[in-house]
Amino acid sequence: MDGLFSGYASLFGVPDLGRDVVAPGAFAETLRARGPGGVRMLWQHDPAEPIGRWLSLAEDARGLRVEGCLNLAVQRTREIDALMREGAVDGLSIGFRTVRAAPDRAGYRHLRALDLWEISLVTFPLQPGARTAGAEPAGLAAEIRSLARRLAPRRVPDLRTGPPARAQGRPAIRLRPAARA
């Protein structure tokens, strides 16, 4: 793995376990002011454990979508990467200062503007739906990697004897003979 991952650090309109509800647009000002480089990536909200950097932070209709890259030169981060690949860690959690909020009669606090300081990979996120999308990067790159794995032969063919025997359930790959001059 190359350390890339994506997911949602916060979901709009969904109460977390602390009875906070983030409103669409709550991150707009801080994202404009800080950008992804001004928001730290930490392990379990520990400022002594930076583990990578955020490549992209953006609000969409669902929530705060994030794309990040783990720094695999750090031993602790390699351990976290292994845990993520195995599905043992996939939680995301935001560290912020409340700028504007309003309570409702049901006891929920509606967060309308937040000053986002950090986003952590965590074992137990306060918002259960705030998760990574997996250990592979999202989008076209992930689709290309997946397709390449499905199409790749199990072993390198010997061009003198032809392609390897076809694996059960996999399409045969035919090699074209080289053009002769």
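Helices (H or I, at least four residues) and strands (E, at least two) are DSSP runs, numbered from the N terminus. The structure described here is a predicted model, in which local features need pLDDT of at least 70, side-chain atom pairs count only at pLDDT 80 or more, and totals for chains, interfaces and linings use all residues. Residues are numbered from 1 along each chain as its sequence is written, and side-chain values use heavy atoms, with hydrogens and water left out.

The protein has 3 helices and 7 strands. Along the sequence these elements follow the pattern β-β-α-β-β-β-α-β-β-α. Buried is used for residues under 20% relative accessible area, exposed for those over 50%, and partly exposed for those in between (1.4 Å probe, protein chains only). By this measure, 33% of the 181 residues count as buried. A contact means heavy atoms within 4.5 Å. Among contacts with a separation of 6 or more, 63% come from residues 24 or more positions apart.

Strand pairing was examined next. Two strands pair if DSSP finds at least two bridges between them. Strand 7 spans residues 109-122 and is mostly covered, with 10 of its 14 residues buried. Strand 6 runs antiparallel to strand 7, and 12 bridges join the two. One of the bridge partners here is S120 of strand 7, matched with S93. The hairpin of strand 6 and strand 7 has 5 residues between the strands. In this hairpin, G107 takes a positive phi near 95°.

Strand 7 also pairs with strand 2 and strand 3. Strand 2 runs parallel to strand 7, with 3 bridges between them. V21 stands opposite H110 of strand 7. Strand 3 (residues 40-43) is likewise parallel to strand 7 and is joined to it by 4 bridges. W43 has L121 of strand 7 as its bridge partner. R40 is matched with E118 in strand 7.

R40 also stands opposite R53 in strand 4. Strand 3 and strand 4 (residues 46-59) pair in the antiparallel sense over 4 bridges. Their hairpin has 2 residues between the strands. Q44 lies in the loop between strand 3 and strand 4. Its phi is positive, at about 55°, although Q44 is not a glycine. Q44 is partly exposed, with a relative accessible area of 31%.

R19 also has a positive phi, of about 70°, although it is not a glycine. R19 is placed in the loop between strand 1 and strand 2. At 37% relative accessibility, R19 counts as partly exposed.

L11 lies in strand 1. L11 counts as buried because its relative accessibility is 8%. Leaving aside residues up to four places away in sequence, L11 touches V22, R62, G63, Q127, G129 and A130. P24 is 13 residues from L11 along the chain, and their C-alpha atoms are separated by 8.8 Å.

T77 lies in helix 2 (residues 75-85). T77 is buried, with a relative accessible area of 0%. The residues that T77 touches, not counting those up to four places away in sequence, are I51, L70, N71 and L72. The T77 side chain reaches the backbone oxygen of I51 at 3.5 Å.

Pockets were identified on a 1 Å grid over the protein atoms alone. A cavity is a set of points where a 1.4 Å probe fits but cannot get out, whereas a pocket is an open set with protein on both sides within 12 Å along at least five of seven lines. Lining residues have an atom within 4 Å of a point. Grid points are joined across faces, edges and corners, and a volume is the space filled by probe spheres set on the points.

The second largest pocket has a volume of about 170 Å³. It is lined by 14 residues, and D16, I94, F96, L126 and Q127 lie nearest its centre. Strand 1 (4-11), strand 2 (20-22) and strand 6 (91-103) each supply at least two residues of this lining. Strand 6 gives the most, with 4 residues. Ala, Val, Leu, Ile, Met, Phe, Trp, Tyr, Cys and Pro count as nonpolar, Asp, Glu, Lys and Arg as charged, and the others, Gly among them, as polar. The lining of the second largest pocket has 9 nonpolar, 3 polar and 2 charged residues.

Technical notes. A polar contact is a pair of N or O atoms within 3.5 Å; within protein, one must be able to donate a hydrogen and the other to accept it, and residues adjacent in sequence count only if both atoms are side-chain atoms.
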